[in-house]
Amino acid sequence: MREQQLNRKGIAMNITLSLAPLVSLVAGILILAVPRLLNFIVAIYLIVIGLIGIFGGNLRL
């Protein structure tokens, strides 16, 4: 039934959001906005990217 609805309405789209590029974007914006926090932001960024690497981005919250 769901397939019939999709076929009548058109093509279904899947939108996925990767976590690493989002973290990079936020970190970059924060560094531009508050340069004094550079060391703190870089440390958090490295920790988050490390956790993403260890868990493969499949972290269930």
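## Briefing: a three-helix chain

Of the chain's 61 residues, 7% count as buried (under 20% relative accessible area, with over 50% exposed and partly exposed in between; 1.4 Å probe, protein chains only). The model is predicted: local features need pLDDT of at least 70, side-chain atom pairs count only at pLDDT 80 or more, and totals for chains, interfaces and linings use all residues. Residues are numbered from 1 along each chain as its sequence is written, and side-chain values use heavy atoms, with hydrogens and water left out.

**Overall make-up**

- The chain has three helices and zero strands (DSSP runs: H or I of at least four residues for helices, E of at least two for strands, numbered from the N terminus).
- From the N terminus on, the order of elements is α-α-α.
- The accessible surface is about 5,800 Å² (Shrake-Rupley method, 1.4 Å probe). Carbon and sulfur atoms hold 67% of that surface.

**H2 against H3**

- Helix H2 covers residues 19–33 and helix H3 covers residues 38–55. The two pack at an angle of about 180 degrees, with axes 10 Å apart. Axes are lines fitted to C-alpha atoms over the stretch in contact, and angles run from 0 to 180 degrees between N-to-C directions.
- H2 is therefore roughly antiparallel to H3 (over 145 degrees; under 35 is roughly parallel, 65 to 115 roughly perpendicular, the rest oblique).
- On the H2 side, the contact (heavy atoms within 4.5 Å) takes in Leu 19, Ala 20, Val 23, Ser 24, Ala 27, Leu 30 and Ile 31. They meet Leu 38, Ile 41, Val 42, Tyr 45, Val 48, Ile 49 and Ile 52 of H3.
- By class, this contact has 13 nonpolar residues (Ala, Val, Leu, Ile, Met, Phe, Trp, Tyr, Cys, Pro), one polar (the others, Gly among them) and no charged (Asp, Glu, Lys, Arg).

**H3 and its end**

- H3 has 18 residues, so at 1.5 Å a residue, times one less than the residue number, it should span 26 Å. Its end C-alpha atoms are 26 Å apart, which agrees.
- Gly 56, just after H3, takes a positive phi of about 70 degrees.

**Two residues to look at**

- Tyr 45 sits in H3. Tyr 45 is partly exposed, at 26% relative accessibility.
- Beyond neighbours within four places in sequence, Tyr 45 contacts Val 23, Ser 24 and Ala 27.
- Pro 21 lies in H2. Pro 21 is exposed, with a relative accessible area of 52%.
- Pro 21 and Ile 49 are 28 residues apart in sequence but 9.7 Å apart in space, C-alpha to C-alpha.
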